[in-house]
Amino acid sequence: MEENKKKLGFNIIKKSDPMDGHKGFGKGALSLDNVSPVFIDIEAGEAEIDIGAMHARSAVEKGIKFLSNKEDVPNGKPYWLVWVTIDRNEEGPYYAGVTACYMTVDREIRRGYKSLPEHVNRMDKSLKRHIIVDVMDDPSKKVLADFLRAHNEVLWENSSEELKKGLLEE
């Protein structure tokens with residue numbers, strides 16, 4: 001006899017202000033409105049936002065078959081995909097969650113390396129306001145710090161000391 005168990009649902013919603021205090025439908029749902037994926041080209045020392053990464057459809061990822069073994073992509077170009085979540089507190093808006101994931105892409109063979117579970121878990125950690133930048137190399141940390149500061153000085157100034165120290169320590 002098969003038991004009919006109620007499955008826990010997972011909602012992703014899009015609305016203009018996820019902190020508006022609404023207590024009805026969607027309470028406890030996950031909103032991706034305040035998350036942005038930032039790619040860091042490690043070799044070029046450049047950073048850019050590519051919203052396509054929300055569904056693995058960024059310019060870096062398009063046309064690439066990703067493998068879970070780094071050794072299968074020996075000539076891959078290295079990137080950091082950084083999930084950046086913005087929130088608001090008493091001081092105003094700030095960078096609340098910043099988590100980095102490593103990946104490589106070899107355009108010539110149309111293959112890349114990334115750990116999909118790591119990417120999903122790091123996006124979740126960013127949403128939960130965690131700072132995970134210690135995995136990054138120092139030059140990439142500086143690129144990210146400069147990018148975040150240039151993107152919005154107010155967000156940077158209101159951000160935690162944990163984030164600033166994590167990105168500016170060398």
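In which loop, between which two helices, does Ser159 lie? In this predicted model, Ser159 sits in the loop that connects helix 3 (153-158) with helix 4 (161-168). The protein as a whole has four helices and nine strands, and its order along the sequence reads β-β-β-β-β-β-β-β-α-β-α-α-α.

**Confidence of the model**

- The mean pLDDT of the protein is 85, and 81% of its residues reach 70 or more.
- Residues 1-27 have a pLDDT below 50, although in the model this stretch makes 21 contacts beyond its near neighbours in sequence.
- Where pLDDT is low, the predicted coordinates should not be read in detail.

**Overall packing and surface**

- Of the 170 residues in the protein, 40% are buried.
- Among the contacts in the protein with a separation of 6 or more, 61% are between residues 24 or more positions apart.
- The exposed area of the protein is about 10,600 Å², of which carbon and sulfur atoms supply 49%.

**Ser159 and its surroundings**

- Ser159 has a relative accessible area of 5%, and because buried means a value under 20%, Ser159 counts as a buried residue.
- Once the neighbours within four places in sequence are left aside, Ser159 is in contact with Tyr94, Tyr95 and Lys164.
- For Tyr95, the contact list is complemented by a specific distance, since a polar atom of the Ser159 side chain lies 3.0 Å from the backbone nitrogen of Tyr95.
- Of these partners, Lys164 carries a number that falls within helix 4 (161-168), while the numbers of Tyr94 and Tyr95 fall within strand 7 (residues 92-106).

**Strand 8 and its two partners**

- Strand 8 (residues 111-114) pairs with strand 5 (residues 65-67) in the parallel sense, over three bridges, and within this pairing Leu67 has Tyr113 of strand 8 as its bridge partner.
- Strand 8 is also joined to strand 7 (residues 92-106), in this case by four bridges and in the antiparallel sense, with Met103 standing opposite Lys114 of strand 8.
- Strand 7 and strand 8 form a hairpin with four residues between them, and Arg110, which lies in the turn, has a positive phi of about 55°.
- As general background for reading these pairings, the side chains in a regular strand alternate between the two faces of the sheet.

Note on methods: Residues numbered from 1 in each chain as written. Predicted model: local features only at pLDDT ≥ 70, side-chain atom pairs only at ≥ 80, totals over all residues. Heavy atoms only, no water. Buried < 20%, exposed > 50% of the residue type's maximum accessible area, 1.4 Å probe, protein only. Contact = heavy atoms within 4.5 Å. Areas by Shrake-Rupley, 256 points an atom, 1.4 Å probe, with all protein chains shown as cover. Polar contact = N/O pair within 3.5 Å; in protein donor to acceptor, adjacent residues only side chain to side chain. Pairing = 2+ DSSP bridges. pLDDT = per-residue confidence, 0-100.
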